[in-house]
Amino acid sequence: MRLRDEDRGTYTAALDDVIGSTEIQRRLARSGVKASQLRVLGLAEGPRVASTAEREYRSYLALRQRARGEAPIMPSLSGPGRQQVYGAGLLPVLAVLTPVLAITAAALFLLLGYGLRLADSAAAVAGNLVHAGWISLGVGAPAAVVGVLGLYRTASRHRGGAPKNRRDQGLTAELDAARAAWLRQLHEGIRSLLLQHLDRSPPPDAGGNGPGGVGAGNDEAAVHSPRFTSPRYTGPDFGSPEVSGPDIPTLRG
């Protein structure tokens with residue numbers, strides 16, 4: 001399992017915490033392994049260690065997405081999914097289009113109506129156009145005010161990104177608990193990895209001065225060494241002319 005980019009720093013910090021713990025430091029003092037070697041091992045085995053806390057990590061991710069307003073976006077025929085998540089729909093669209101269309105129609109009707117009146121042509125039509133223009137203007141002006149207020153309210157509501165009700169204290173506490181559970185399981189996985197590596201590493205005196213090592217057999221090795229000389233011992237010098245055998249008595253008959 002691979003962590004997200006924003007969570008890799010958390011894994012590195014957890015690795016450093018475990019290496020700096022009293023238990024690991026005590027084991028390092030008795031072994032020939034360096035702390036830097038443990039760190040390289042922990043970083044290389046990151047995906048495997050992270051998989052030991054996969055369930056806790058997925059729970060933490062789900063809560064974090066809810067807190068950030070990152071709900072899954074479903075495709076929709078009416079528009080982008082994120083627009084639906086935040087509550088945009090038909091009413092905001094009408095609030096924008098109504099004043100624009102009404103004011104445009106009012107300007108057109110008034111222009112045509114007064115133009116016909118100045119030309120003294122089709123007085124009845126001109127009167128109807130002028131009347132319709134003022135009605136459209138009366139509808140468009142309040143609609144424009146309402147639309148501006150609605151847009152301001154929407155902008156203020158989403159200025160923080162997600163609706164405020166997604167950031168209540170209950171969700172924050174649940175998110176903190178999920179993160180703590182993930183970190184505990186992550187620390188345990190890192191600790192288990194490092195201890196296994198230290199158990200497989202022989203102590204520095206395994207081939208030196210420890211029991212059963214070369215130091216214990218120094219005397220025996222010295223005995224068989226070519227430079228070892230035995231105590232000065234000489235046997236009887238049978239080759240000496242001064243030595244004679246024992247006197248043998250002569251038997252007389």
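What pattern does the protein chain follow, read along the sequence? The answer is α-α-α-α-α-α-α-α-α-α. That fits the count: the protein chain has ten helices and zero strands. Helices (H or I, at least four residues) and strands (E, at least two) are DSSP runs, numbered from the N terminus.

Some ground rules before we go on. This is a predicted model, in which local features need pLDDT of at least 70 and side-chain atom pairs count only at pLDDT 80 or more, while totals for chains, interfaces and linings use all residues. Residues are numbered from 1 along each chain as its sequence is written, and side-chain values use heavy atoms, with hydrogens and water left out.

**The chain as a whole**

Of the 253 residues in the protein chain, 23% count as buried. Here buried means under 20% relative accessible area, exposed means over 50%, and partly exposed is in between (1.4 Å probe, protein chains only). The protein chain exposes about 18100 Å², and carbon and sulfur atoms supply 60% of that. Such accessible areas come from the Shrake-Rupley method with a 1.4 Å probe; for residues, only the protein chains shown count as cover.

Now for who touches whom. Contact means heavy atoms within 4.5 Å. Take the contacts in the protein chain between residues at least 6 apart in sequence: 72% of them join residues at least 24 apart.

**Helices H1 and H5**

Let's start with H1. The 15 residues of H1 should span 21 Å at 1.5 Å a residue, and its end C-alpha atoms are 22 Å apart, which agrees. The expected span is 1.5 Å times one less than the number of residues in the helix. Which residues of H1 are buried? They are Asp7, Thr10, Tyr11, Ala14, Leu15, Val18 and Ile19. The cover over them includes helix H2 (22-30), helix H3 (35-44), H4, H5 and H9.

H5 (residues 54-68) makes a good second case. Its 15 residues should also span 21 Å at 1.5 Å a residue, and the end C-alpha atoms of H5 are 21 Å apart, which agrees. Buried in H5 are Glu56, Tyr57, Tyr60, Leu61, Leu63, Arg64 and Ala67, and what covers them includes H1 and helix H9 (169-200). Right after H5 comes Gly69, whose phi is positive, near 75°.

Not every residue of H5 is hidden: Arg55 is found in this helix, and at 66% relative accessibility Arg55 counts as exposed.

**A few residues up close**

Thr10 is found in H1 and is buried, with a relative accessible area of 18%. Leaving aside neighbours within four places in sequence, Thr10 is in contact with Arg179, Trp182 and Leu183.

Leu110 lies in helix H7 (residues 90-118). Why does Leu110 count as buried? Its relative accessibility is 15%, and the cut-off for buried is under 20%. Again leaving aside neighbours within four places in sequence, Leu110 is in contact with Leu129, Val130, Gly133 and Trp134.

Ser136 lies in helix H8 (residues 123-157) and is buried too, with a relative accessible area of 14%. Not counting residues up to four places away in sequence, Ser136 touches Ala102, Ala105, Ala106 and Phe109.

Here are some pairs, with how far apart they sit along the chain and in space.

| Pair | Apart along the chain | C-alpha separation |
|---|---|---|
| Leu110 and Val130 | 20 residues | 4.9 Å |
| Arg55 and Trp182 | 127 residues | 8.3 Å |
| Thr10 and Leu186 | 176 residues | 9.9 Å |

**The second largest pocket**

How about the gaps? A pocket, on a 1 Å grid over the protein atoms alone, is an open set of points where a 1.4 Å probe fits, with protein on both sides within 12 Å along at least five of seven lines; lining residues have an atom within 4 Å of a point. The second largest pocket has a volume of about 150 Å³, where volume is the space filled by probe spheres set on the points, joined across faces, edges and corners. Met1, Arg2, Leu3, Arg8, Tyr11, Thr12, Leu43, Gly46, Pro47 and Ala50 line this pocket. The elements giving two or more residues to that lining are helix H1 (5-19) and helix H4 (46-51).
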